[in-house]
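Open the model in your viewer and keep the sequence panel in sight. We will go from stop to stop, selecting a few residues each time.

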Amino acid sequence: MPLARNLFFAIILSTMLAFLLSTLPMNQYEQSAGLAPVFKAARPMALQEENLVDVLSMFDTGLPVTHVKWENRNLFIDFTVTMEKPIYVEDIYTDLFTTIRSTYLYTSNVEGLYVRVLYQEKGKEEVLIAVSAEKSDALLKALESTTDKKSFLHDYTTLSYGVLWKANFQK
């Protein structure tokens, strides 16, 4: 019985200590490394060249990222699809929405996001679909409440369709 009581108090004490330590403010190194306290809500990180890969690895997309550029508070991302791995239209819309949502939830200093989905065949690339999403209060509010990804993309972003998309997907 004393062992169970001691174990119980050790667990309670450890939890309280972890909670108290997480209330301490983060230092500059922890913020730039993207570390988050256990019991504190994560705040968006400032995107920099040094943490670009870390931030993009948090995005839950199925399309492979082939090119990324961070310039003047604008983020440029290229995804590439090929014939070897089939991709569905809904998956593309989902990944575009997820990229926009993740960018504006996980980062604090991105003002513009420009994403292209490229089709690659025999060493040539052609744009299937491209989206640009400028940060605005309306966009951020819609990100929190939307359920229909395709209508969100049409209403709050600028979509551009390539020739292949128009020929194969829009009929």
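**First stop: Thr98**

Bear in mind throughout that this is a predicted model. Start by selecting threonine 98 and showing what surrounds it: leaving aside its neighbours within four places in sequence, threonine 98 is in contact with Asp60 and Thr61. Now colour helix H4, residues 89-106, and you will find threonine 98 in it. Is threonine 98 buried or exposed? Threonine 98 has a relative accessible area of 16%, and because the cut-off for buried is under 20%, threonine 98 counts as buried. Before leaving, draw a distance from its side chain to the backbone oxygen of threonine 94; the viewer should give you 2.8 Å.

**Around the helix: S2 and S3**

Keep H4 coloured and add strand S2 (residues 74-81) and strand S3 (residues 112-121). Together, S2, H4 and S3 form a right-handed β-α-β unit. The two strands run parallel, and eight bridges join them. To see where they line up, pick phenylalanine 76 and look across to tyrosine 114 in S3, which stands opposite.

**On to S4 and its hairpin**

Next, select strand S4, residues 124-134. S3 and S4 run antiparallel and are joined by ten bridges. Try glutamine 120 here: its bridge partner in S4 is glutamate 125. Which residue takes a positive phi in the hairpin of S3 and S4? Select lysine 122, whose phi is near 55°, in this hairpin with two residues between the strands.

**The neighbouring strand: S5**

From S4, move over to S5, where four bridges make an antiparallel pairing. Serine 132 is a handy marker, standing opposite threonine 158 in S5. Show the side chains of S5 (residues 158-161) and turn the view: Leu159 and Tyr161 point to one face and are buried, while Thr158 and Ser160 point to the other and are not buried. That fits a general pattern: in a regular strand, side chains alternate between the two faces of the sheet.

**Last stop: Trp70**

Finally, select tryptophan 70 in strand S1, which covers residues 65-71. Tryptophan 70 is buried, at a relative accessible area of 15%. Not counting residues up to four places away in sequence, tryptophan 70 touches Leu47, Gln48, Glu49, Leu52, Leu75, Asn109 and Val110. To finish, draw a line between the C-alpha atoms of tryptophan 70 and valine 110: they are 40 residues apart along the chain, with a separation of 9.1 Å.

Key. Residues numbered from 1 in each chain as written. Predicted model: local features only at pLDDT ≥ 70, side-chain atom pairs only at ≥ 80, totals over all residues. Heavy atoms only, no water. Buried < 20%, exposed > 50% of the residue type's maximum accessible area, 1.4 Å probe, protein only. Polar contact = N/O pair within 3.5 Å; in protein donor to acceptor, adjacent residues only side chain to side chain. Contact = heavy atoms within 4.5 Å. Pairing = 2+ DSSP bridges. Right-handed = clockwise from strand over helix to strand, strands pointing away.
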